Amino acid sequence: MAVAAGQSPLPPSSDPSPPARVVFVHDPEATEAFKPQLERIRRLVQRGITGLAGKATVAAAWKSLVSTKDVIGIKVFSAPGPDAGTRPAVVAAVVEGLLEAQVPPTNIIVWDKQRADLRRAGFEELVERYGIRVEGSANAGYDEETFYSPDRPILGQLVWGDVEFGRKGDGVGRRSFVSKLLTKSITKIINVTPLLNHNTAGVNGHLYSLAMGSVDNTMRFENDLFRLTTAVPEIYALPSLSDRVVLNITDALICQYQGEQRGLLHYSAALNELRFSKDPVALDLLSLRELERTRLASSVPVPQHHSLSNQMELLHNAALLELGVSDPESIKIERAP
């Protein structure tokens, strides 16, 4: 496993992984014509967080995960827009819960890789509504002291915005640097990702969204299944990422099983559900299975590279790095009342 400069990974434990606990919350009227209904979404988030935390109140539930001194980064996946990406209504409900727990609004950052995507998806409206911040990890710049460097060097096509774009010399293009937003600012991460197909990774899930949204020089991984299944778990495992994650929420209001970063509602199904867990691997496994089930139900031909067996490799690698469990028998699903 490749790690950040100056950091050493711990050896994998021989003890069996404890069961991953996942809390489902459902409301058949959470969306109307694929549009989220804010009041119903608010209640879903409240039920989910209190159910997962085992607390009687929303404030107590959030306080069990974060403190008022934390700078909390709510990671979203915004490139597909408000219909197919993370839905602003879900994030608004999370923000309201954090505010109820007395987290200062200036300590709450909604972020993704590009601020332009966040703006187009409607997240900047939350700045005016709640007084929080919206930031792009690429726009914040990258920390040249913290990076991912694969054990087997992979050279890619550097693009404008990458730290080493335009540089020459040995080793240029072999590292992916972590955003200063994570290394210098955010102390806790809440990851909110949509139930959305990805043609290579299988799902634009918690592992993929955080890993690819936090570093530069990612084009070398994107279209190669083998590279992606190795790089995504290893990047996620960097202490500046994985050590900060306190909660993962799968926005399963809509399941888009084809189309990747384009909103294609004719390839979508309304599930009207949110899923909460501290285990990103378990949530991504459940999302992969849901995408496969929905494709089969729709009778849409599934390309061979979309097979679940191919895309499970990423989750198996993540489990080996102890990021979570990839064994469905080790996932405990609870349905909140």
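In the predicted model, isoleucine 235 makes contact with Tyr148, Ala211, Met212, Val215, Phe221 and Leu241, when residues up to four places away in sequence are left out of the count. Ile235 also belongs to the largest nonpolar core, which comprises 54 residues. Together with Leu207, Met212, Phe221, Val232, Leu315 and Ile331, Ile235 is among the residues that touch the most other members of this core. The greatest contribution to the core from an element is that of helix H11, spanning residues 280-298, which provides seven residues. Separate from this assembly is a second core of 45 residues, whose members include Ile41, Leu52, Val58 and Ala61.

Two of the core residues named above, Leu207 and Met212, lie in helix H7. The buried residues of H7 are His206, Leu207, Tyr208, Ser209, Leu210, Ala211, Met212, Gly213 and Ser214. Because nine of the nine residues of H7 are buried, this helix is largely enclosed by the rest of the structure.

Helix H7 also takes part in the second largest pocket, where H7 (206-214) and helix H8 (219-222) each contribute at least two lining residues. With four residues, H7 gives the most to this lining. The pocket holds about 490 Å³ of space and is lined by 24 residues. Those lying nearest the centre of the pocket are Lys113, Gln114, Met212, Thr218 and Glu222. Met212 thus recurs in three settings: as a contact of Ile235, as a member of the largest nonpolar core and as a residue of the pocket lining. In terms of residue class, the lining of the second largest pocket consists of nine nonpolar, eight polar and seven charged residues.

The structure also contains one cavity of 30 Å³ or more. The space within the largest cavity amounts to about 50 Å³, and its lining is formed by Ala201, Val203, Gly205, Leu207, Tyr208, Asp284, Leu288, Gln311, Leu314 and Leu315. Two or more of these lining residues come from each of H7, H11 and helix H12 (308-320). Helix H12 supplies the largest share, three residues. By class, the cavity lining divides into seven nonpolar residues, two polar residues and one charged residue. Leu207 and Leu315, which line the cavity, are also among the residues of the largest nonpolar core that touch the most other members. Helix H7 accordingly appears in the linings of both the second largest pocket and the largest cavity.

Key:
Residues numbered from 1 in each chain as written. Predicted model: local features only at pLDDT ≥ 70, side-chain atom pairs only at ≥ 80, totals over all residues. Heavy atoms only, no water. Core = buried A, V, L, I, M, F, W, Y, C linked by side-chain atoms within 4.5 Å. Buried < 20%, exposed > 50% of the residue type's maximum accessible area, 1.4 Å probe, protein only. Contact = heavy atoms within 4.5 Å. 1 Å grid on protein atoms, 1.4 Å probe; cavity = no way out; pocket = protein on both sides within 12 Å on 5 of 7 lines; lining within 4 Å. Points joined across faces, edges and corners; volume = space filled by probe spheres on them. Nonpolar A, V, L, I, M, F, W, Y, C, P; charged D, E, K, R; others polar.
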